[in-house]
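Trainee: I would like a close look at one chain of this model. Please take me through its parts in order.

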Amino acid sequence: MKQPQKPVRETDTKIRPTGWQILCIALFLFYMLLPILSTYVFSVATRWDRTILPEGYTLEFYIRAFQTSYFTITLRNSLILSVATIVVSLIVIVPTVYWVHTRLTGLKPWLDVLMILPFGIPTVVLALALVQVYNFPPIARSPILLIGAVVVYSMPFMYRPVSNALQAIDALTLTEAGQILGANVFQVLSKIIIPNILPGILSGSLLVFSTVFAEYTLTSLIVGASFKTFPLLLVEYTRINGNIAAAFSVVSFTIAWLFSILLLWAGSKGQNASAETIQAR
Amino acid sequence: MSYLELKNVSKFYSGVVAVQDFNLEIDKGSLVSFLGPSGCGKTTTLRMIAGFGRLDEGTILLDGEDITDVPPNRRDIGMVFQAYALFPNMTVQGNIGFGLLMKKTPKKEIKKKVDHVLELVRLQDTAKRFPHQLSGGQQQRIALARALAVQPRVLLLDEPLSALDAEVRVVLRGEIRRIQSELAITTVYVTHDQEEALSISDKVVVMNKGVIEQVGIPEEIYRAPKTHFVATFIGTANQFLGKVSGTNTVMCNHFHLLVDDLKGFNEGQRAVVLVRPETIQVQPDPPERKGWNIIPGEVETITFHGAVTRLGVNIYGQRVAADITVAHTKSISLNQKIWLLFSPDACQVMAVDEK
């Protein structure tokens, strides 16, 4: 997040990390970055099973990956799925959480518990149950059913940051201050509440995007080949050619990162003030 | 001429009384304070005037119009909250202009009005800043400016100073009073701070347990409290419990007190006599003053309060507070035997709350 007002450090003395701190951070970075780095290297390696470093480097797998017939369609489907999920989540979650925070505070513990449920139900069970219940056209095995399922599945990721952001501002008093100045409910939401919880909305959207963009189980069981997404293609290629699958992974990472940067940029551009707000708190 | 009128207003929270049968008329251009301990219903009443929280009974009239069921955003009322409630995402300018924007005021006019109210609260150079860049006192001034910018029919202030430092509080309450009289805006001010209420109000409404105890100008509230609660809540008052005897005497356990007026009391009725510390004189020698109350005692504590020194005097086992001037302090020492002296008209007699 862009931080327009960095607090000036008053002393020049730098805090030196201790050996233990360096070791802990190094181990953490190693653990987090090694798989990603290996994937990157593997996607450009000619052969990498007899030596520590690859024997040669090539871009062949990327060319083959881009030439795959399903490449653009699956990418498009994944984007549609992710963006639609974010939109539906926002429409469902933001007003609900706002109402619970301001008018129905007694329901908040219930909502908190409810939002853990998606973690408790195995994805396979959720998918099969949905397929059985919604087995009538036009919903049966349609992308719409998939979006509905993915919204439920990713709901906690949107709920938590939005709820925390609302907690951080005094939503009820701000609402009343807006009302007494003549604003109706929609004006209060759009001009006061949403701008002030925008950082929460953005981080929620990012979490939902990365979760949904990489979603496999629900997609595979609910729509399967009729609405093929990028992870489906990727998994398919792990069985055909590991290097091409690695190239797909790199593409997937890159898109997720680009999307994150785009979202953060849009957020900070539209709401410099809101970043300042959160900082001030 | 009453401008804002509350008629038989009641509010219950799940059966428990928050405000009961509240009747009040507020004149146009006056500043009325609701004063009382926390939970007395003062904020609930204010919020009902603002339109937050429905009335369970009664009506509210503003300038002759029944606004009981009008939503808050259409009442044309300004409000300042205890926690400032400035919009963190907007600059000072944006905050103050918000109400005007909601009224679809042209941009040029908004700018003019924002500048005007900023001048009124003396914070012209903060227009481009964000709330978190201002001090608490400045934020509350901006909140006041924001409420005033829309030229509301009534201004409501909900404990606007209780989050601020003592020093800022005193300055700001003077400012609030100055601006209020300058604009002659009808104002309701909620506070639990008696000094605040007494110093800035045209009228004070003392509340307790959801009902009005007394309505009056500040001097009246202080000098002539009508109920036991008002007498003890406002200022400090010594209390002497006794029984009414004759037309001007209350018999206490070890002494009797001469009082001015016992109209409405029956012979033998239990009553409490209230005497303010500043009305009591302290003498080192037995005084002779006919018709005054003279009680011997022993000095137990001496507390310096600045302008006055407060003595804690033990009379027959009861601790009584008496204020003496600094010049007087030299002749008084701890454990000294002294005489308290006060006139009958310093005594306020109240019926004992038989609860």
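Mentor: Here is a walk through chain B, from the whole chain down to single residues.

Start with confidence. This is a predicted model. Its scores are ipTM 0.83 and pTM 0.80. For chain B the average pLDDT is 90, and 99% of the residues reach at least 70.

Now the overall build. Chain B contains nine helices and 20 strands. Its C-alpha trace spans about 75 × 45 × 35 Å along the principal axes. Of its 355 residues, 41% count as buried. Take the contacts in chain B with a separation of 6 or more: residues 24 or more positions apart make up 65% of them.

Next, helix α1 of chain B, which covers residues 42-50. This helix is mostly covered, with eight of its nine residues buried. The buried ones are K42(B), T43(B), T44(B), T45(B), L46(B), M48(B), I49(B) and A50(B). Directly after α1(B) comes G51(B). The phi of G51(B) is positive, near 105 degrees.

Stay in that helix for one residue. L46(B) sits in α1 of chain B. Its C-beta has 20 others within 10 Å, and a residue is buried at 20 or more, so L46(B) counts as buried. What does L46(B) touch, leaving aside residues up to four places away in sequence? The partners are F34(B), L156(B), D158(B), V188(B) and V190(B). Take V190(B) from that list. L46(B) and V190(B) are 144 residues apart in sequence, yet their C-alpha atoms are 7.4 Å apart in space.

A strand residue can be read in the same steps. C347(B) belongs to strand β20 of chain B, residues 347-351. C347(B) counts as buried because it has 22 C-beta neighbours inside 10 Å. Residues up to four places away in sequence are again set aside. On that basis C347(B) touches L257(B), V259(B), D260(B), V273(B) and V275(B). Look at V259(B) in particular. It lies 88 residues from C347(B) along the chain, and 5.8 Å separates the two C-alpha atoms.

Now a pair of helices. In chain B, α4 runs over residues 136-149 and α5 over residues 166-183. They pack at an angle of about 15 degrees, and their axes are 11 Å apart. Angles under 35 degrees count as roughly parallel, so α4(B) and α5(B) are roughly parallel to each other. The crossing of α4(B) past α5(B) is right-handed. On the α4(B) side, the contact is made by G137(B), Q140(B), L144(B) and L148(B). On the α5(B) side, V168(B), L172(B), I176(B) and L183(B) make it. By type, the residues of this contact are six nonpolar, two polar and no charged.

Last, the partner chain. How many residues of chain B are in contact with chain A? There are 21, and they meet 22 residues of chain A. Which elements of chain B give two or more residues to this side? They are β6 (77-80) and α2 (92-102). The side of chain B that touches chain A divides into 15 nonpolar residues, five polar and one charged.

To recap, take two pictures with you. L46(B) is a buried residue of helix α1. C347(B) is a buried residue of strand β20.

Terms used. Residues numbered from 1 in each chain as written. Chains lettered and ligands numbered in written order. Predicted model: local features only at pLDDT ≥ 70, side-chain atom pairs only at ≥ 80, totals over all residues. Axes fitted to C-alpha atoms, helices over the stretch in contact; angles between N-to-C directions. Helix = DSSP H or I, 4+ residues; strand = E, 2+ residues; numbered from the N terminus. Parallel < 35°, antiparallel > 145°, perpendicular 65-115°, else oblique. Left-handed = near helix turned anticlockwise from the far one by under 90°. Contact = placed C-beta atoms within 7 Å. Nonpolar A, V, L, I, M, F, W, Y, C, P; charged D, E, K, R; others polar. Buried ≥ 20, exposed ≤ 12 C-beta atoms within 10 Å, placed from the backbone. pLDDT = per-residue confidence, 0-100.
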